[in-house]
Number of protein chains: 2
Amino acid sequence: MSTKKASINDVAKRAGVSITTVSRVINNVASVSDKNRAQVEEAIAHLNFKPNVSAQRLAKGLNTAVGLVMPGYPGIFHSFYAIEIIRGVGHACEALHLDLIFHITKGYAPLNISNAGGIIFADIIENRKQIEATLAEGIPCMVINNRVDDLKVNFIAIDNAKGAEMAVAHLAGLGHVKIATVTGGLQTQSGQHRFEGYKSGLGQKKLPFNESYVYEGDYSRRSARQGLEKFLSLGKDRPTAIFAASDDMALEIINFAMERGLKVPKDLSVVGFDDNPAGLYSSVSLTTIRQPLFKMAEEAVRQLNAIVGGRRHSAVQQILVPELVVRESCAVPGV
Amino acid sequence: MSTKKASINDVAKRAGVSITTVSRVINNVASVSDKNRAQVEEAIAHLNFKPNVSAQRLAKGLNTAVGLVMPGYPGIFHSFYAIEIIRGVGHACEALHLDLIFHITKGYAPLNISNAGGIIFADIIENRKQIEATLAEGIPCMVINNRVDDLKVNFIAIDNAKGAEMAVAHLAGLGHVKIATVTGGLQTQSGQHRFEGYKSGLGQKKLPFNESYVYEGDYSRRSARQGLEKFLSLGKDRPTAIFAASDDMALEIINFAMERGLKVPKDLSVVGFDDNPAGLYSSVSLTTIRQPLFKMAEEAVRQLNAIVGGRRHSAVQQILVPELVVRESCAVPGV
DNA sequence: ATGAAAGCGCTAACAG
DNA sequence: CTGTTAGCGCTTTCAT
């Protein structure tokens with residue numbers, strides 16, 4: 001146990017070289033003789049030297065920390081969505097040796113990610129103000145999963161409408177006509193877009209839009225139950241298929257349907273959205289729309305890093321297309 | 001849009017004072033005349049000046065970032081446990097103006113939280129090596145939710161055995177004799193301790209321990225189902241009450257019991273562990289053992305901060321006692 | 001109450 | 001290939 005932390009000076013002294021040379025081996029500069037390099041490495045190991053990151057950042061004039069701000073609304077962490085984003089961002093940061101500064105925000109509260117070279121906003125529901133402020137401070141931003149058309153900010157989002165259309169098309173392709181939907185929160189962009197995709201999907205298949213086949217949910221399991229309840233109350237006019245705006249809701253619908261004695265997919269087809277792995281382990285595996293959440297998050301870090309590092313200048317504006325995953329929860333309408 | 005970021009020099013120039021004075025107002029030192037303070041504040045606002053955190057840290061010689069390392073095993077984020085820890089740590093960091101550096105670890109991989117004044121380990125299942133390494137580097141550590149007796153490290157943990165005893169005592173108090181348990185993963189300390197608490201709880205009430213009333217689960221919903229399945233196969237000898245090592249499993253047991261036509265709590269009493277809010281919204285609200293997870297996480301940050309700041313020197317070794325929360329999922333045995 | 005000056009630990013020209 | 005020398009932006013004695 002040494003008393004003090006070793007500094008670059010101590011290393012230089014022990015290795016019998018200048019601090020510059022030490023700095024060079026730390027930063028993997030090629031022009032160091034093998035002999036010196038070896039000595040420096042020995043000294044580093046011996047003294048258990050770790051460069052002081054603050055000093056490095058200060059000297060380099062750049063900041064290798066990425067801030068991740070997530071909305072703090074209750075339940076956020078229970079969404080598969082949030083988790084995948086965190087995993088993806090975390091993974092990329094690790095690979096690129098970036099610090100990940102995590103920040104759960106109230107939305108309206110001013111941001112305090114003092115020490116971050118760039119910031120990723122995992123959602124924009126309530127943080128418009130924060131994004132504007134960050135932008136104004138000249139800190140590079142990246143918005144995930146929300147296309148922001150009226151702000152000059154980088155984003156990577158998913159084509160939610162397209163995904164919903166794919167879900168409806170799949171159902172229609174099986175022969176369903178009475179296709180209902182339980183929407184996600186309509187104040188969220190994803191909820192809104194998925195609902196619009198549902199409608200346009202119907203249109204594309206020349207199917208009529210029926211107001212009573214819509215239940216406005218909010219991504220909660222509770223609302224999914226209520227949605228199915230409403231649909232079942234329609235009696236013989238009840239839908240034969242349901243597009244749920246999230247796997248979580250889809251799974252709950254399946255559970256509830258079974259409680260009510262309906263067989264899935266025989267009596268009711270269900271498709272979800274997310275590709276939440278839970279959908280694999282349910283009694284009936286779930287047909288769903290896969291979003292490349294993890295990849296999206298990783299990519300956000302990469303792009304942001306390129307921007308902060310000055311390697312990229314143009315705006316990043318990507319829209320990723322989701323993918324239909326067919327499993328067991330859909331069948332041709334029973335009768 | 002200014003071209004460069006304003007530095008303390010710019011502020012000093014505009015305010016017509018020395019940089020020292022600017023530094024003083026930034027750090028809320030009292031001895032600054034009202035006039036100067038006002039001028040400096042004006043300049044700060046006008047130039048949109050933000051102190052460079054790296055420079056501050058370097059000059060102050062301390063590091064106000066806390067690292068949070070969590071095990072990266074699949075599903076970690078779906079546990080109520082992990083979420084509450086993150087929330088609590090996040091909240092405390094925010095209140096104390098500390099950066100929260102988030103790190104999902106592989107356990108065996110060497111830690112790379114270069115820039116952190118102190119580190120919180122949210123679990124110790126596989127990071128013993130990392131903890132030892134961190135300790136060896138002289139970085140203050142804090143282990144959450146695991147009592148580590150063979151390592152000289154600070155920890156705040158929960159008395160899992162005591163909690164399990166409380167659950168069993170409650171059930172026994174209602175008159176149950178055939179009390180089963182679905183354990184958590186027995187390789188985890190919590191799983192182990194809760195199981196031991198189950199056994200000692202039985203002992204305290206002079207109830208016999210019955211091997212066939214034990215199902216070794218792993219905290220997954222799947223294992224909970226399997227556990228109940230096993231118990232039901234016992235026919236008329238089946239238990240009348242089940243202590244599940246997590247709310248998640250308890251909830252799944254209730255669902256599955258209902259699917260099998262059993263009424264809860266009439267035909268089967270269930271008590272969980274965690275006080276997961278989901279337990280409130282299920283068809284039958286869940287009686288459970290409340291762990292002060294959020295508080296524990298917050299406290300960990302506080303203590304760690306005190307240690308890093310030199311305000312605390314002795315080791316922190318707290319064991320928190322959980323609490324029984326009685327709701328609707330238990331009743332006197334039916335017959 | 002205020003400022004000058006000396007670092008904090010490291011990087012990056014610039015010479016050699 | 002290596003060392004010298006300025007800083008990076010801020011805090012902190014120490015005088016005044």
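Which residues of helix 2 of chain A are buried? Keep that question in mind as you open this predicted model, and begin the tour by selecting helix 2 of chain A, which runs over residues 19–26.

**Stop 1: helix 2 of chain A**

Colour A:Thr21, A:Val22 and A:Val25, because these are the buried residues of helix 2 of chain A. If you then turn the view until you look down the axis of helix 2 of chain A, the buried residues fall within an arc of 100°, so they line one face of the helix. A general rule helps here: an α-helix has 3.6 residues a turn, so residues three or four places apart point the same way. To see what covers the buried residues of helix 2 of chain A, add to your selection helix 1 and helix 3 of chain A, which are among the covering elements. Before moving on, step just past the end of helix 2 of chain A to A:Asn28, where phi is positive, at about 60°.

**Stop 2: helix 3 of chain A**

Select residues 34–47 of chain A next, which make up helix 3, with 14 residues and a reach of 20 Å from the first C-alpha to the last, close to the 20 Å expected at 1.5 Å a residue. Within helix 3 of chain A, the residues A:Val40, A:Ala43 and A:Ile44 are buried. Looking along the axis of helix 3 of chain A, you will find its buried residues within an arc of 100°, so they line one face of this helix. On the other side of helix 3 of chain A, by contrast, A:Asp34, A:Lys35 and A:Ala45 are exposed. The cover over the buried residues of helix 3 of chain A includes helix 1 (8–15) and helix 2 of chain A. Helix 3 of chain A is followed by A:Asn48, which has a positive phi near 55°.

**Stop 3: the two DNA strands**

Now show DNA strand D together with the 25 residues around it, of which A:Ser33, B:Ile8, B:Ser23, B:Ala55 and B:Ala59 come nearest. Two or more residues of this surface come from each of helix 2 (19–26) and helix 4 (53–60) of chain A, and likewise from helix 2 (19–26) and helix 4 (53–60) of chain B. Which helix gives the largest share of the surface near DNA strand D? It is helix 4 of chain B, with 5 residues. By class, the surface near DNA strand D has 11 nonpolar, 13 polar and 1 charged residues.

Switch the selection to DNA strand C, where 25 residues again lie around the strand and A:Ile8, A:Ser23, A:Ala55, A:Ala59 and B:Ser31 come nearest. At least two residues of the surface near DNA strand C are supplied by each of helix 2 and helix 4 of chain A and helix 2 and helix 4 of chain B. For DNA strand C the largest share, 5 residues, comes from helix 4 of chain A.

**Stop 4: where chain A touches chain B**

Hide the DNA and look between the protein chains, where 26 residues of chain A are in contact with 26 residues of chain B. On the side of chain A that touches chain B, the elements giving two or more residues are helix 4, helix 5 (80–96) and strand 2 (99–105) of chain A. That side of chain A is made up of 11 nonpolar, 9 polar and 6 charged residues.

Stay with strand 2 of chain A, where 7 of the 7 residues are buried, so this strand is largely enclosed by the rest of the structure. A:Asp99, A:Ile101, A:His103 and A:Thr105 are buried on one side of strand 2 of chain A, and A:Leu100, A:Phe102 and A:Ile104 are buried on the other. Strand 1 (residues 65–71) of chain A pairs with strand 2 of chain A in the parallel sense over 7 bridges, and A:Pro71 has A:Thr105 in strand 2 as its bridge partner.

**Stop 5: an open sheet in each chain**

Finish in chain A with an open sheet of 4 strands, which has the order 7-6-8-9 and parallel pairing. Strand 7 (214–215) and strand 9 (269–271) of chain A stand at the edges, each with a single partner strand, so one side of each is left without a neighbour in the sheet. Strand 6 (residues 179–182) and strand 8 (residues 241–244) of chain A pair in the parallel sense over 4 bridges, and A:Ala180 stands opposite A:Ile242 in strand 8 of chain A.

In chain B, select the open sheet of 4 strands in the order 7-6-8-9, again with parallel pairing.

Conventions:
Residues numbered from 1 in each chain as written. Chains lettered and ligands numbered in written order. Predicted model: local features only at pLDDT ≥ 70, side-chain atom pairs only at ≥ 80, totals over all residues. Near = placed C-beta within 6 Å. Nonpolar A, V, L, I, M, F, W, Y, C, P; charged D, E, K, R; others polar. Pairing = 2+ DSSP bridges. Expected span 1.5 Å × (residues − 1). Buried ≥ 20, exposed ≤ 12 C-beta atoms within 10 Å, placed from the backbone. Arc of directions from axis to C-beta. Contact = placed C-beta atoms within 7 Å.
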